[in-house]
Amino acid sequence: MIKEKFNLEGKVAVITGASKGIGKAIALGFAEFGAHVVVSSRSEEAVKNVETEFKSKGFSVSSLKCHVGNKEDRINLIETTLKAHGRIDILVNNAGTNPYFGPIHKMPAEAYQKTMDINLNSAIELSNLVYPIMKSQNSGNIIHISSIEGIHPSKFMSAYNISKAALIMLTKNQSIEWGKYNIRVNAICPGYVKTKLSSGLLEFEGAEERLVNNVSLRRASNPDEMAGLAVFLASEASSYVTGTSIVNDGGLLNSPIF
Ligand SMILES: NC(=O)c1ccc[n+]([C@@H]2O[C@H](COP(=O)([O-])OP(=O)(O)OC[C@H]3O[C@@H](n4cnc5c(N)ncnc54)[C@H](OP(=O)(O)O)[C@@H]3O)[C@@H](O)[C@H]2O)c1
């Protein structure tokens, strides 16, 4: 039955940046479909709170502090999860940042480096940590949270654009190298989702109105509108889907020129 293919019971999922926003919504979605979810972010307190909240709803959850830019934290996240559960089925590289708004030629080198370290390099490093585990299971699923900003340029978020575009290519490269071990790799490209991260965009005058006018559905999305797609990609319902980046933007990229 197709319905059963969405079932995530018995699966162990690690989600970075899951204390709020899109990562938390995806973790909740996975938990609702039966997975054990490991929620992580830089703040031990914040992820503990998510753990408590999910447990109160009856879900299987644990939490670990992990600053994805920190090598020891990354290793600890994967090793501790493996030790506790004996397997890792799903990795969602969701943690992201955008420390700089402005022209390329004025971008501080540190801001560029931070953007690449958090948005791109950590996804490569964490994927490389789960790769041998998933290879030995002959089964695994990696989802990168890219963005429509990885497809379409912006005037003031170039490092962010570059990092998100690179995630789309990383998705393709990993999928061709790891497909033979039944490891699927896909990306989600959200449009405009109402979260703390995107709130910085709205500081520009009239930004929200302009954004929403370009969205076919005439509204921003809520984080939970990213979760259904993530459940699909993480589950057997998408068993033949790999190497692709799926846009979930209410039609924003489809905005007409004329
Ligand atoms: N919102 C949008 O419109 C939008 C659109 C396209 C793509 N995205 C992407 O979606 C992903 C999630 O963003 P969001 O909008 O949900 O943002 P958010 O609500 O601000 O949440 C970001 C999450 O990442 C965590 N985080 C930040 N830096 C981290 C780090 N260095 N290590 C580990 N965790 C870290 C934060 O938790 P702590 O503060 O507790 O560490 C938080 O849980 C990002 O990759 C973003 O680029 C967002």
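Two strands pair if DSSP finds at least two bridges between them. The exercises below use this rule on a predicted model.

**Exercise 1. The sheet**

Find the order of the seven strands in the open sheet, and name the edge strands.

*Solution.*
- Step 1. Trace the pairings across the sheet. The order is β3-β2-β1-β4-β5-β6-β7.
- Step 2. Check the sense of the pairing. It is parallel.
- Step 3. Look for strands that pair on one side only. These are β3 (61-65) and β7 (245-248), the edge strands.
- Step 4. Take the turn between neighbouring strands. It averages 20 degrees, direction ignored.

**Exercise 2. One strand pair**

How many bridges join β1 and β2, and which residue of β2 stands opposite V12?

*Solution.*
- Step 1. Locate the strands. β1 covers residues 12-15, and β2 covers residues 36-41.
- Step 2. Count the bridges. There are four, in the parallel sense.
- Step 3. Start from V12. Its opposite residue in β2 is H36.

**Exercise 3. Helices on the sheet**

Which strands do α4 and α9 lie across or touch?

*Solution.*
- Step 1. Take α4 (residues 71-85). This helix lies across β1, β2 and β3. It runs at about 155 degrees to β3.
- Step 2. Take α9 (residues 227-234). This helix packs on the sheet and touches β4 (90-93), β5 (140-145), β6 (183-190) and β7. Its direction makes about 165 degrees with that of β6.

**Exercise 4. Two packed helices**

Describe how α4 packs with α5, and list the residues in contact.

*Solution.*
- Step 1. Choose the descriptors. Two packed helices are described by the angle between their axes and the distance between the axes.
- Step 2. Read both. α4 and α5 (residues 109-137) pack at about 25 degrees, with axes 10 Å apart.
- Step 3. Classify the angle. Angles under 35 degrees count as roughly parallel, so α4 is roughly parallel to α5.
- Step 4. Give the hand. α4 passes α5 in a right-handed crossing.
- Step 5. List the contact. α4 supplies R74, I75, L77, I78 and L82. α5 supplies S122, E125, L126, L129, V130 and I133.

**Exercise 5. E51**

Is E51 buried or exposed, and which side chains make polar contacts with its side chain?

*Solution.*
- Step 1. Place E51. The residue lies in helix α3 (residues 44-56).
- Step 2. Apply the cut-off. Buried means under 20% relative accessible area. E51 has 8%, so E51 is buried.
- Step 3. Find the polar partners. The E51 side chain contacts the side chain of K48 at 3.0 Å and that of S63 at 2.6 Å.
- Step 4. Leave out residues up to four places away in sequence. E51 then touches V61, S62 and S63.

Notes:
Residues numbered from 1 in each chain as written. Predicted model: local features only at pLDDT ≥ 70, side-chain atom pairs only at ≥ 80, totals over all residues. Heavy atoms only, no water. Buried < 20%, exposed > 50% of the residue type's maximum accessible area, 1.4 Å probe, protein only. Polar contact = N/O pair within 3.5 Å; in protein donor to acceptor, adjacent residues only side chain to side chain. Contact = heavy atoms within 4.5 Å. Axes fitted to C-alpha atoms, helices over the stretch in contact; angles between N-to-C directions. Parallel < 35°, antiparallel > 145°, perpendicular 65-115°, else oblique. Left-handed = near helix turned anticlockwise from the far one by under 90°.
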